[in-house]
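Hello,

Here is the structure I promised to pass on to you. Please have a look at it first, and then read my notes below.

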Amino acid sequence: MKAAADNILFPALEQTFMAVVLVDERNRVLFFNEAAEKLWGYSRDEVLGRDMNILIPGPLKHVHGDYVHHHRDGGNSRVVGMNRELQLERKDGTQVWTSFSLSKIDVDGRIHYMAAARDVSKEVARR
């Protein structure tokens, strides 16, 4: 049963309408689905294997590394396990409001993160 679940996990994440990004314990992007390409404006080839900092909005880049390090070492996160609106920055510099959730995943003591996001700019503008 586990092997079947393992074989379907990445294809399922690839086909979801949500932008999904999986980051390893060294902050490298391991997975970046088609919806993530559309949301951020980067191709997979530009992102996979690179530091996740490429996806962080410019004004947050200087503090994000310390924030991630703190939470990998057991600090409490206000973002992990929550779903909230968050403004992201696309490759071209434009900003987009998203419904964003972050999961912390412990794999044999190595901390990974999975982010899922969708564009909610129209809903935010309506409000």
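**What I found: the sheet**

Strand 1, which covers residues 19-23, runs antiparallel to strand 2, and three bridges join the two. One facing pair across them is Val21 in strand 1 and Phe32 in strand 2. Please keep in mind that this is a predicted model.

These two strands belong to an open sheet of five strands, ordered 2-1-5-4-3, with antiparallel pairing. At its edges are strand 2 (29-32) and strand 3 (83-89), each of which pairs on one side only. On average, neighbouring strands of the sheet are turned by 30° against each other, direction ignored. As general background, strands of a sheet pair through backbone hydrogen bonds, in either a parallel or an antiparallel way.

**The nonpolar cores**

Which residues have the most contacts inside the largest nonpolar core? They are Val21, Val29, Phe32, Leu39, Trp40, Tyr42 and Leu55, in a core of 22 residues. At least two residues of this core come from each of strand 1, strand 2, helix 2 (34-40), strand 4 (95-107) and strand 5 (110-119). Another core, of six residues, lies apart from it; Leu13, Val20, Leu22 and Phe31 are among its members. In soluble globular proteins, nonpolar side chains tend to be buried together.

Val29 gives a good view of the surroundings. Setting aside neighbours within four places in sequence, Val29 is in contact with Val21, Leu22 and Val23, and also with Val47, Leu48, Gly49, Arg50, Met52 and Leu55.

**Aromatic pairs**

The model has two aromatic pairs. One of them joins Phe32 and Trp40, whose ring centres are 6.0 Å apart. Their planes make an angle of 40°, so the pair counts as tilted, a class that lies between stacked (under 30 degrees) and edge-to-face (over 60). Phe32 and Trp40 are both buried.

**Arg118**

One more residue to look at is Arg118, which sits in strand 5. Is Arg118 buried, exposed or partly exposed? Its relative accessible area is 32%, and because buried means under 20% and exposed over 50%, Arg118 is partly exposed.

Leaving out neighbours within four places in sequence, the contacts of Arg118 are Phe17, Met18, Trp97, Thr98, Ser99 and Glu123. Arg118 and Val20 are 98 residues apart in sequence, while their C-alpha atoms are 9.1 Å apart in space.

Happy to talk it through whenever suits you.

Best wishes

How values were computed: Residues numbered from 1 in each chain as written. Predicted model: local features only at pLDDT ≥ 70, side-chain atom pairs only at ≥ 80, totals over all residues. Heavy atoms only, no water. Phe/Tyr/Trp six-rings, centres within 6.5 Å; stacked < 30°, edge-to-face > 60°. Buried < 20%, exposed > 50% of the residue type's maximum accessible area, 1.4 Å probe, protein only. Pairing = 2+ DSSP bridges. Helix = DSSP H or I, 4+ residues; strand = E, 2+ residues; numbered from the N terminus. Axes fitted to C-alpha atoms, helices over the stretch in contact; angles between N-to-C directions. Core = buried A, V, L, I, M, F, W, Y, C linked by side-chain atoms within 4.5 Å. Contact = heavy atoms within 4.5 Å.
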